Amino acid sequence: MRKFLAVLALAGLSTTTLAADLLDTVQARGTLKIATEGTYPPFSFKDKQQQLTGFDVEIGREIARRLKVKPEFVQSEWSGMLAGLQAGKYDIALNQVSVTPQRQQIFDFSVPYTISSAQLVVRKNETRVFHSLDDLKGKKLGVGQGSNYADMAKKVDGVEVKTYPGAPEYLQDLATGRIDAALNDSLMIPFSIKESRLPVKAGAPVGDLTTMAVPFARGNPKFKTAVDAALNGMKKDGTFRTLSVKWFGIDVSKAPAHKK
(Lines give C-alpha, C1' and ligand atoms only; values in the text may rest on other atoms or scores of the structure.)
Protein backbone atom coordinates (compact mmCIF):
# COMPACT_ATOMS: atom_id res chain seq x y z
CA MET A 1 0.00 0.00 0.00
CA ARG A 2 2.82 2.36 0.90
CA LYS A 3 4.56 1.56 -2.38
CA PHE A 4 1.33 2.31 -4.28
CA LEU A 5 0.92 5.66 -2.52
CA ALA A 6 4.55 6.48 -3.18
CA VAL A 7 4.06 5.77 -6.89
CA LEU A 8 1.00 8.06 -6.92
CA ALA A 9 2.95 10.80 -5.14
CA LEU A 10 5.79 10.52 -7.65
CA ALA A 11 3.33 10.60 -10.53
CA GLY A 12 1.79 13.75 -9.13
CA LEU A 13 5.20 15.30 -8.70
CA SER A 14 6.14 14.35 -12.24
CA THR A 15 2.98 15.93 -13.64
CA THR A 16 3.68 19.16 -11.75
CA THR A 17 7.29 19.18 -12.83
CA LEU A 18 6.38 18.63 -16.49
CA ALA A 19 3.66 21.30 -16.54
CA ALA A 20 4.55 23.80 -19.21
CA ASP A 21 5.66 27.23 -18.09
CA LEU A 22 3.67 30.03 -19.72
CA LEU A 23 6.81 31.08 -21.60
CA ASP A 24 6.94 27.67 -23.32
CA THR A 25 3.24 27.93 -24.20
CA VAL A 26 3.58 31.44 -25.61
CA GLN A 27 6.67 30.62 -27.66
CA ALA A 28 5.16 27.40 -29.01
CA ARG A 29 2.04 29.32 -30.03
CA GLY A 30 4.08 32.13 -31.50
CA THR A 31 1.88 34.86 -30.06
CA LEU A 32 1.52 36.77 -26.80
CA LYS A 33 -2.15 37.36 -25.99
CA ILE A 34 -2.45 40.81 -24.44
CA ALA A 35 -5.63 42.17 -22.84
CA THR A 36 -6.21 45.92 -23.00
CA GLU A 37 -9.24 48.19 -23.01
CA GLY A 38 -8.66 50.02 -26.25
CA THR A 39 -10.76 52.87 -24.86
CA TYR A 40 -8.30 54.21 -22.30
CA PRO A 41 -6.18 56.98 -23.87
CA PRO A 42 -3.29 57.57 -23.81
CA PHE A 43 -2.61 54.00 -22.67
CA SER A 44 -4.69 52.08 -25.21
CA PHE A 45 -7.16 53.47 -27.74
CA LYS A 46 -7.95 53.55 -31.45
CA ASP A 47 -6.55 56.28 -33.64
CA LYS A 48 -8.34 58.00 -36.54
CA GLN A 49 -7.60 54.99 -38.74
CA GLN A 50 -9.18 52.73 -36.08
CA GLN A 51 -5.81 51.16 -35.32
CA LEU A 52 -5.02 50.22 -31.73
CA THR A 53 -2.35 52.48 -30.29
CA GLY A 54 -1.18 54.03 -27.03
CA PHE A 55 1.59 53.71 -24.48
CA ASP A 56 0.58 50.28 -23.12
CA VAL A 57 0.01 49.00 -26.65
CA GLU A 58 3.53 49.98 -27.68
CA ILE A 59 4.95 48.47 -24.49
CA GLY A 60 3.07 45.24 -25.28
CA ARG A 61 4.43 45.11 -28.81
CA GLU A 62 7.95 45.61 -27.50
CA ILE A 63 7.59 42.88 -24.85
CA ALA A 64 6.33 40.46 -27.51
CA ARG A 65 9.22 41.35 -29.84
CA ARG A 66 11.73 40.65 -27.08
CA LEU A 67 10.04 37.31 -26.35
CA LYS A 68 10.40 36.59 -30.09
CA VAL A 69 6.66 36.23 -30.66
CA LYS A 70 3.90 38.33 -32.23
CA PRO A 71 1.55 40.46 -30.10
CA GLU A 72 -2.13 39.52 -30.21
CA PHE A 73 -4.29 42.19 -28.57
CA VAL A 74 -7.64 41.28 -27.06
CA GLN A 75 -9.88 44.22 -26.20
CA SER A 76 -11.68 43.80 -22.89
CA GLU A 77 -13.69 46.05 -20.63
CA TRP A 78 -11.81 46.80 -17.44
CA SER A 79 -14.61 45.44 -15.26
CA GLY A 80 -14.00 41.92 -16.59
CA MET A 81 -10.36 42.05 -17.63
CA LEU A 82 -8.73 40.48 -14.59
CA ALA A 83 -11.40 37.79 -14.39
CA GLY A 84 -10.62 36.97 -18.02
CA LEU A 85 -6.92 36.82 -17.22
CA GLN A 86 -7.62 34.46 -14.33
CA ALA A 87 -9.70 32.29 -16.66
CA GLY A 88 -6.82 32.04 -19.14
CA LYS A 89 -8.39 34.03 -21.97
CA TYR A 90 -5.10 35.87 -22.48
CA ASP A 91 -1.55 35.72 -21.18
CA ILE A 92 -1.08 39.20 -19.73
CA ALA A 93 -3.01 42.41 -19.17
CA LEU A 94 -1.50 45.76 -20.13
CA ASN A 95 -3.90 48.36 -18.84
CA GLN A 96 -2.14 50.19 -16.01
CA VAL A 97 -2.91 47.42 -13.53
CA SER A 98 -1.88 48.52 -10.06
CA VAL A 99 -0.12 46.07 -7.79
CA THR A 100 -2.22 45.38 -4.69
CA PRO A 101 -1.98 42.68 -1.97
CA GLN A 102 -5.34 41.29 -3.08
CA ARG A 103 -4.24 40.92 -6.69
CA GLN A 104 -0.91 39.41 -5.64
CA GLN A 105 -2.87 36.55 -4.09
CA ILE A 106 -4.25 35.72 -7.54
CA PHE A 107 -1.56 36.80 -10.01
CA ASP A 108 2.17 37.15 -10.32
CA PHE A 109 3.44 40.55 -11.49
CA SER A 110 6.36 41.78 -13.52
CA VAL A 111 8.71 44.43 -12.22
CA PRO A 112 6.83 47.78 -12.00
CA TYR A 113 6.94 49.90 -15.14
CA THR A 114 4.94 53.01 -14.28
CA ILE A 115 4.43 55.02 -11.09
CA SER A 116 1.64 57.53 -10.56
CA SER A 117 -0.78 58.89 -8.01
CA ALA A 118 -4.44 59.76 -7.88
CA GLN A 119 -5.14 63.38 -8.80
CA LEU A 120 -8.16 65.64 -8.80
CA VAL A 121 -9.51 67.51 -11.81
CA VAL A 122 -11.45 70.76 -11.27
CA ARG A 123 -12.95 73.53 -13.40
CA LYS A 124 -10.56 76.19 -14.66
CA ASN A 125 -12.45 78.93 -12.81
CA GLU A 126 -12.74 76.94 -9.57
CA THR A 127 -12.20 79.20 -6.54
CA ARG A 128 -12.66 76.54 -3.88
CA VAL A 129 -9.52 74.69 -2.80
CA PHE A 130 -9.64 70.90 -2.63
CA HIS A 131 -6.44 69.53 -1.09
CA SER A 132 -7.82 66.07 -0.37
CA LEU A 133 -10.88 63.88 -0.75
CA ASP A 134 -11.98 64.98 2.72
CA ASP A 135 -12.38 68.49 1.29
CA LEU A 136 -15.04 67.07 -1.04
CA LYS A 137 -17.40 65.95 1.71
CA GLY A 138 -20.86 67.14 0.76
CA LYS A 139 -19.69 67.51 -2.85
CA LYS A 140 -20.06 65.42 -6.01
CA LEU A 141 -17.02 63.58 -7.36
CA GLY A 142 -16.82 61.89 -10.76
CA VAL A 143 -14.83 58.68 -11.30
CA GLY A 144 -14.51 55.93 -13.90
CA GLN A 145 -16.77 52.94 -13.32
CA GLY A 146 -14.93 49.96 -11.81
CA SER A 147 -11.68 51.91 -11.39
CA ASN A 148 -9.33 51.93 -8.41
CA TYR A 149 -10.27 55.59 -8.01
CA ALA A 150 -13.94 54.72 -7.63
CA ASP A 151 -13.02 52.34 -4.80
CA MET A 152 -10.77 54.98 -3.27
CA ALA A 153 -13.46 57.67 -3.35
CA LYS A 154 -16.19 55.42 -1.95
CA LYS A 155 -14.13 54.88 1.21
CA VAL A 156 -14.49 58.55 2.15
CA ASP A 157 -17.72 59.18 4.04
CA GLY A 158 -19.73 62.18 2.92
CA VAL A 159 -18.48 62.31 -0.68
CA GLU A 160 -21.18 61.73 -3.29
CA VAL A 161 -19.45 59.50 -5.84
CA LYS A 162 -20.82 59.43 -9.39
CA THR A 163 -19.48 56.78 -11.78
CA TYR A 164 -19.04 57.21 -15.54
CA PRO A 165 -17.98 55.02 -18.48
CA GLY A 166 -14.83 57.10 -18.90
CA ALA A 167 -13.04 60.45 -18.76
CA PRO A 168 -14.95 62.19 -21.61
CA GLU A 169 -18.23 61.76 -19.77
CA TYR A 170 -17.15 62.96 -16.34
CA LEU A 171 -15.09 65.84 -17.72
CA GLN A 172 -18.17 67.03 -19.61
CA ASP A 173 -20.25 66.92 -16.42
CA LEU A 174 -17.45 68.67 -14.53
CA ALA A 175 -17.26 71.47 -17.10
CA THR A 176 -21.03 72.03 -16.93
CA GLY A 177 -21.13 72.00 -13.12
CA ARG A 178 -22.97 68.72 -12.59
CA ILE A 179 -20.11 67.52 -10.39
CA ASP A 180 -17.58 69.45 -8.28
CA ALA A 181 -14.43 67.52 -9.18
CA ALA A 182 -13.19 64.34 -10.82
CA LEU A 183 -10.51 61.83 -9.84
CA ASN A 184 -8.13 59.86 -12.03
CA ASP A 185 -4.55 58.78 -12.70
CA SER A 186 -2.05 61.64 -12.67
CA LEU A 187 -0.53 60.27 -15.89
CA MET A 188 -3.82 60.20 -17.75
CA ILE A 189 -5.12 63.62 -16.74
CA PRO A 190 -3.00 65.91 -18.97
CA PHE A 191 -3.88 63.87 -22.06
CA SER A 192 -7.59 63.73 -21.17
CA ILE A 193 -7.78 67.47 -20.56
CA LYS A 194 -5.97 68.22 -23.82
CA GLU A 195 -8.26 65.93 -25.81
CA SER A 196 -11.46 67.20 -24.18
CA ARG A 197 -10.78 70.90 -24.93
CA LEU A 198 -12.97 71.71 -21.94
CA PRO A 199 -12.40 74.44 -19.32
CA VAL A 200 -10.95 72.07 -16.70
CA LYS A 201 -7.51 71.74 -15.10
CA ALA A 202 -5.45 69.37 -12.98
CA GLY A 203 -5.98 69.73 -9.25
CA ALA A 204 -4.21 68.42 -6.17
CA PRO A 205 -2.61 64.96 -6.00
CA VAL A 206 -4.27 62.75 -3.38
CA GLY A 207 -3.39 59.45 -1.75
CA ASP A 208 -0.25 57.38 -2.01
CA LEU A 209 1.93 56.53 -4.97
CA THR A 210 0.75 53.58 -7.04
CA THR A 211 2.98 51.20 -8.97
CA MET A 212 1.71 49.47 -12.11
CA ALA A 213 3.04 46.19 -13.46
CA VAL A 214 2.10 43.35 -15.83
CA PRO A 215 -0.07 40.62 -14.25
CA PHE A 216 -0.13 36.99 -15.39
CA ALA A 217 -0.98 33.53 -14.01
CA ARG A 218 0.98 32.50 -10.94
CA GLY A 219 3.57 29.75 -11.03
CA ASN A 220 5.37 30.65 -14.26
CA PRO A 221 8.92 31.57 -13.19
CA LYS A 222 10.44 31.37 -16.69
CA PHE A 223 7.76 33.68 -18.07
CA LYS A 224 8.26 36.18 -15.24
CA THR A 225 12.02 36.19 -15.81
CA ALA A 226 11.50 36.79 -19.54
CA VAL A 227 8.96 39.62 -19.09
CA ASP A 228 11.12 41.27 -16.42
CA ALA A 229 14.14 40.99 -18.72
CA ALA A 230 12.15 42.61 -21.54
CA LEU A 231 11.07 45.55 -19.38
CA ASN A 232 14.48 46.01 -17.77
CA GLY A 233 16.10 45.79 -21.18
CA MET A 234 13.81 48.52 -22.50
CA LYS A 235 14.80 50.76 -19.61
CA LYS A 236 18.50 50.01 -20.05
CA ASP A 237 18.66 50.66 -23.80
CA GLY A 238 16.46 53.77 -23.72
CA THR A 239 13.42 52.29 -25.50
CA PHE A 240 11.20 52.77 -22.46
CA ARG A 241 12.17 56.40 -21.99
CA THR A 242 11.59 57.12 -25.69
CA LEU A 243 8.05 55.70 -25.54
CA SER A 244 7.37 57.40 -22.21
CA VAL A 245 8.43 60.83 -23.43
CA LYS A 246 6.45 60.31 -26.65
CA TRP A 247 3.19 59.84 -24.76
CA PHE A 248 3.71 61.83 -21.54
CA GLY A 249 6.71 64.11 -21.93
CA ILE A 250 8.32 62.53 -18.86
CA ASP A 251 9.79 59.22 -17.72
CA VAL A 252 6.79 57.50 -16.11
CA SER A 253 8.95 54.87 -14.44
CA LYS A 254 9.93 57.60 -11.97
CA ALA A 255 7.70 58.93 -9.18
CA PRO A 256 5.72 62.08 -10.09
CA ALA A 257 7.65 65.21 -9.12
CA HIS A 258 4.90 66.41 -6.78
CA LYS A 259 4.98 63.10 -4.84
CA LYS A 260 8.71 62.53 -4.36
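Colleague: What follows α10, and what is the sign of phi there?

Modeller: Helix α10 is followed by G249, with a positive phi near 80 degrees. Helices here are DSSP runs of H or I of at least four residues and strands are E runs of at least two, both numbered from the N terminus.

Colleague: What sort of model is this?

Modeller: This is a predicted model, in which local features need pLDDT of at least 70 and side-chain atom pairs count only at pLDDT 80 or more, while totals for chains, interfaces and linings use all residues. Residues are numbered from 1 along each chain as its sequence is written, and side-chain values use heavy atoms, with hydrogens and water left out.

Colleague: Back to α10. Which of its residues are buried?

Modeller: In α10 (residues 239-248), the buried ones are F240, L243, S244, W247 and F248. Buried means under 20% relative accessible area, exposed means over 50%, and partly exposed is in between, with a 1.4 Å probe and protein chains only.

Colleague: Where do they sit around the axis?

Modeller: The buried residues of α10 cover an arc of only 100 degrees, which puts them on the same side of the helix. The arc is taken from the directions from the helix axis to the C-beta atoms. T242 and K246, on the other side of α10, are exposed.

Colleague: Why would residues a few places apart point the same way?

Modeller: An α-helix has 3.6 residues a turn, so residues three or four places apart point the same way.

Colleague: And what covers the buried residues of α10?

Modeller: The cover includes β3 (44-46), β4 (52-53), α3, β8 (114-123) and α9. Contact means heavy atoms within 4.5 Å.

Colleague: You mentioned α9. At what angle do α3 and α9 pack?

Modeller: Helix α3 (residues 55-66) and helix α9 (residues 221-237) pack at about 105 degrees, with axes 9 Å apart. Those axes are lines fitted to C-alpha atoms, for helices over the stretch in contact, and angles run from 0 to 180 degrees between N-to-C directions. The two helices, α3 and α9, are therefore roughly perpendicular. Angles under 35 degrees count as roughly parallel, over 145 as roughly antiparallel, 65 to 115 as roughly perpendicular, and the rest as oblique.

Colleague: Which residues make that contact?

Modeller: From α3, I59, E62, I63 and R66; from α9, A230, L231, G233, M234 and D237. By class, the contact of α3 with α9 has 5 nonpolar, 1 polar and 3 charged residues. Ala, Val, Leu, Ile, Met, Phe, Trp, Tyr, Cys and Pro count as nonpolar, Asp, Glu, Lys and Arg as charged, and the others, Gly among them, as polar.

Colleague: What about α2 and α9, at what angle do they pack?

Modeller: Helix α2 (residues 22-29) packs with α9 at about 70 degrees, and their axes are 6 Å apart. Therefore α2 and α9 are also roughly perpendicular to each other. The contact uses L22, L23, D24 and V26 of α2 and K222, F223 and A226 of α9. It has 5 nonpolar, no polar and 2 charged residues.

Colleague: Changing topic to strands. How many residues of β1 are buried?

Modeller: In β1 (residues 31-36), 5 of the 6 residues are buried, so the strand is largely enclosed by the rest of the structure.

Colleague: What is β1 joined to, and by how many bridges?

Modeller: β1 is joined by 6 bridges to β5 (residues 70-75), and the two run parallel. β1 also pairs with β6 (residues 92-93) in the parallel sense, over 2 bridges. Two strands pair if DSSP finds at least two bridges between them.

Colleague: I34 is in β1. Buried or exposed?

Modeller: I34 is buried, with a relative accessible area of 0%. I34 stands opposite F73 in β5, and its bridge partner in β6 is I92. Not counting residues up to four places away in sequence, I34 touches G60, P71, E72, F73, V74, Y90, I92 and L94. The C-alpha atoms of I34 and P71 are separated by 6.9 Å, though the two residues are 37 apart along the chain.

Colleague: Last one. In what order do the strands of the open sheet come?

Modeller: The order of its 3 strands is β2-β3-β4, with antiparallel pairing. β2 (39-40) and β4 are at the edges with a single partner strand each, so one side of each has no neighbour in the sheet. β2 and β3 are joined by 2 bridges, and T39 stands opposite F45 in β3.
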